[in-house]
Amino acid sequence: MDTLVVLVTASSREEALRIGRGVVGKKLAACVTVVPNVISVFEWEGKVCEEDEWLLVMKSTADAYGALEAEVTTLHSYEVPEILALSVVKGSSEYLAWVKAMTHVPR
């Protein structure tokens, strides 16, 4: 399968929606689901931090991943944004076909 779920966290609703609109508008993801009010605990620059964040769940393809990552990095405010791609092992054949049809690799 070449379908991916790409997870990205953002600092605010506005940033999450800006990134989501950007990647869907460029057809780098078929859909972005924005999940509000997640709390991330992580170490940064020697300190343990707790931050309220918004989780983006992007549905895309392996072929579009490089351009998707580049676009997220451009649109994101973080120095090192979380961008994690997970392979989809199984899913509704109709949904996976839709993701593939809606996602294009820029030329």
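How many bridges pair β2 and β3, and in which sense do these strands run? In this predicted model, the two strands pair over 12 bridges in the antiparallel sense.

## The sheet

The strands β2 and β3 belong to an open sheet of 4 strands, whose order is β2-β3-β1-β4 and whose pairing is antiparallel. The edges of the sheet are formed by β2, residues 31–44, and β4, residues 83–87, each of which pairs on one side only. On average, and with direction ignored, neighbouring strands of the sheet are turned by 30 degrees against each other. As a general principle, the strands of a sheet pair through backbone hydrogen bonds, in either a parallel or an antiparallel arrangement.

The table lists the strand pairs with their bridges and sense.

| Strand pair | Bridges | Sense |
|---|---|---|
| β2 and β3 | 12 bridges | antiparallel |
| β1 and β3 | 8 bridges | antiparallel |
| β1 and β4 | 5 bridges | antiparallel |

Individual residue pairs show the register of these strands. Between β2 and β3, Ser40 stands opposite Glu51 of β3, and Glu43 has Val48 of β3 as its bridge partner. The hairpin of β2 and β3 has 2 residues between the strands, and Glu45 in this hairpin takes a positive phi near 55 degrees. On the other side of β3, the bridge partner of Val5 is Lys59 in β3. Strand β1 comprises residues 3–10 and is joined to β4 by 5 bridges; here Leu4 stands opposite Ser87 in β4.

## The helices on the sheet

Helix α1, residues 13–25, packs on the sheet and touches β1, β2 and β3, the last of which spans residues 47–61; the direction of α1 makes about 25 degrees with that of β3. Helix α2, residues 65–75, also packs on the sheet, where it touches β1, β3 and β4, and its direction makes about 155 degrees with that of β4.

The two helices also pack against each other. In general, two packed helices are described by the angle between their axes and by the distance between the axes. For α1 and α2 the angle is about 145 degrees and the axes lie 10 Å apart. Their crossing is right-handed. On the α1 side the contact involves Glu15, Arg18, Ile19, Gly22 and Val23, which meet Leu68, Glu71, Val72 and Leu75 in α2. By class, the residues of this contact are 5 nonpolar, 1 polar and 3 charged.

## Two residues in their surroundings

Leu75 lies in helix α2. Apart from its neighbours within four places in sequence, Leu75 is in contact with Glu15, Arg18, Ile19 and Gly22. The C-alpha atoms of Leu75 and Gly22 are separated by 7.9 Å, although these residues are 53 residues apart along the chain.

Val57 is part of strand β3. When residues up to four places away in sequence are not counted, Val57 touches Val5, Val6, Leu7, Cys31, Val32, Thr33 and Val35. The C-alpha atoms of Val57 and Thr9 are separated by 8.9 Å, and these two residues are 48 residues apart along the chain.

## The largest pocket

Which residues line the largest pocket? The lining consists of Thr9, Ser40, Phe42, Glu43, Trp44, Cys49, Glu51, Glu53, Tyr78, Glu79, Val80 and Glu82. The space in this pocket amounts to about 270 Å³. Strands β2 and β3 each supply at least two residues of the lining, and β2 gives the most, with 4 residues. By class, the lining of the largest pocket divides into 5 nonpolar, 2 polar and 5 charged residues.

Some of these lining residues also take part in the strand pairing described above. Ser40 and Glu51, which stand opposite each other, are both among the residues of the lining. Glu43, whose bridge partner in β3 is Val48, is likewise one of the lining residues.

Notes:
Residues are numbered from 1 along each chain as its sequence is written. This is a predicted model: local features need pLDDT of at least 70, side-chain atom pairs count only at pLDDT 80 or more; totals for chains, interfaces and linings use all residues. Side-chain values use heavy atoms; hydrogens and water are left out. Two strands pair if DSSP finds at least two bridges between them. Axes are lines fitted to C-alpha atoms, for helices over the stretch in contact, and angles run from 0 to 180 degrees between N-to-C directions. Contact means heavy atoms within 4.5 Å. A crossing is left-handed if the near helix is turned anticlockwise from the far one by less than a right angle, and right-handed if clockwise. Ala, Val, Leu, Ile, Met, Phe, Trp, Tyr, Cys and Pro count as nonpolar, Asp, Glu, Lys and Arg as charged, and the others, Gly among them, as polar. On a 1 Å grid over the protein atoms alone, a cavity is a set of points where a 1.4 Å probe fits but cannot get out, and a pocket is an open set with protein on both sides within 12 Å along at least five of seven lines; lining residues have an atom within 4 Å of a point. Grid points are joined across faces, edges and corners, and a volume is the space filled by probe spheres set on the points.
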